[in-house]
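This report goes through a protein model, taking its salt bridges, metal site, core and strand pairing in turn. The sequence and the structure are shown here.

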Amino acid sequence: MKLHAIQTGSVRIKMAQVQGRGRGLRRRLGVFGDDQWTAWLPTYAWVIDHPEGVIVVDTGQGTHLLQSVHSLHPYMRWQVMFQIEPEQEIGPQLHGLGIGARDVQRVVLTHLHCDHDGGLAHFPHSEILVSRGELSAASGWAGRLRGYLPHRWPSWFNPAALDLASEAFGPFATSRRLTTAGDVIAVGTPGHTAHHVSVVVEDQGTRYLLAGDASYTERLMLAGQIDGVSADDEVASATLRAIRDFAMDRPTVYLPTHDPASAERLAQSR
Ligand SMILES: [Zn+2]
């Protein structure tokens, strides 16, 4: 098995989104009141080159996101900036690794925010897995009001529901095995979105946690600092606690989507 990090461009958001200030609604509104931008942060997608077939976790950004400056949605227009060139989309980069669209058996989306589902168009032949609750939150006009971009999904987009069993995997209350070997496991990590999932990969005694936006960096996860967009403070805190407990148990490489140190940690299995 081989795990690859693919950087699909980069993103800038507000500091108050990365690390929430205060609690509850005040914390969430704080994102809109903040005028401090982060540096450009990477947006990673992950490729699990597995003996049972290639699994892609998140599809990263697409060049359509460069249109966000014209969006009518206040978050998309004012609170986020994207950088992405056509050859940085996931399709061309997979091609560079010798992986064609038909080689990708499954695509798992941690959630449907636009910098995670932006490369969907490259996977017309793959089975796509999205948690049922996330799909329903992101769909239709209600989804658009929440800042999702369902109108940018490919016309063929019809994901299979990723229903997690109420079967604990370590400190995570819900999970589902994604391979027959049982070495790739989706786990529920609610917080950033209510139905957010992460993917655990077990390879030769080391565990990799493809964490999506469970936190923006490893430091914030270790500090138990929730972000500015999570709806529920307690739920988000409990997920960060579960991730810490998980990592205490055995060597774990923590790989959030936007942590500038994720690729290096993967390369060094740190
Ligand atoms: Zn997100």
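Is arginine 21 buried, partly exposed or exposed? Arginine 21 counts as partly exposed, because its relative accessibility is 42%. The model is predicted.

## Salt bridges

The side chain of arginine 21 meets that of aspartate 34 in a salt bridge, with N to O at 3.7 Å. Arginine 21 lies in the loop between α1 (15-18) and α2 (24-33), and aspartate 34 in the loop between α2 and β2, so the pair ties together parts that are 13 residues apart in sequence. Aspartate 34 has a relative accessible area of 6% and is therefore buried.

Helix α2 also takes part in a salt bridge through arginine 27, whose partner aspartate 233 is in helix α8 (residues 233-249). The closest N and O atoms of this pair are 2.9 Å apart. Distant parts of the chain are linked here, as the two residues are 206 residues apart. Both aspartate 233 and arginine 27 are buried.

Aspartate 249 and arginine 207 form a further salt bridge, the closest N and O atoms being 3.9 Å apart. Aspartate 249 lies in helix α8 and arginine 207 in strand β11, so parts that are 42 residues apart in sequence are tied together. Aspartate 249 counts as exposed because its relative accessibility is 56%, whereas arginine 207 is buried, with a relative accessible area of 3%. Elsewhere, Glu218, Asp259 and Arg265 are joined into one network by salt bridges that share partners. The count of salt bridges comes to 10.

## Zinc site

Which protein atoms are the donors of the zinc ion? They are His111 (NE2), His113 (ND1), His192 (NE2) and Asp213 (OD), lying 2.2 Å from the ion. Along the chain, the donors follow the spacing H-x1-H-x78-H-x20-D. Histidine 113, in the loop between β5 and β6, and aspartate 213, in the loop between β11 (206-212) and α7 (218-223), are 100 residues apart, and the pair links distant parts of the chain.

The arrangement is irregular because the 4 donor atoms subtend angles of 89 to 175° around the zinc ion. Aspartate 213 has 2% relative accessibility and therefore counts as buried.

## Nonpolar cores

The largest nonpolar core has 21 residues, and Val56, Leu94, Val104 and Leu112 have the most contacts inside it. At least two residues of this core come from each of β2 (41-50), β3 (53-57), α4 (90-96), β5 (104-108), β6 (127-130) and α5 (132-138). A second core of 20 residues is separate from it; among its members are Leu3, Leu162, Val184 and Val201. In soluble globular proteins, nonpolar side chains tend to be buried together.

Beyond its neighbours within four places in sequence, leucine 112 is in contact with Asp117, Val130, Glu134, Leu135, Ala138, Tyr148, Trp153 and Phe157.

## Strand pairing

How many bridges join β5 to β6? The two strands run parallel and are joined by 3 bridges. Glutamate 127, in β6, is the bridge partner of arginine 106.

β6 also pairs with strand β7 (residues 160-161), again in the parallel sense, over 2 bridges. Here valine 130 stands opposite alanine 161 in β7. Valine 130 is also one of the residues in contact with leucine 112.

Conventions: Residues numbered from 1 in each chain as written. Predicted model: local features only at pLDDT ≥ 70, side-chain atom pairs only at ≥ 80, totals over all residues. Heavy atoms only, no water. Core = buried A, V, L, I, M, F, W, Y, C linked by side-chain atoms within 4.5 Å. Buried < 20%, exposed > 50% of the residue type's maximum accessible area, 1.4 Å probe, protein only. Helix = DSSP H or I, 4+ residues; strand = E, 2+ residues; numbered from the N terminus. Contact = heavy atoms within 4.5 Å. Pairing = 2+ DSSP bridges. Donors = N, O, S within 2.8 Å, 3.2 Å for Na, K, Ca; no water. Tetrahedral: all angles 85-135°; square planar, octahedral: opposite > 155°, others 65-115°. Salt bridge = Lys/Arg side-chain N within 4 Å of Asp/Glu carboxyl O.
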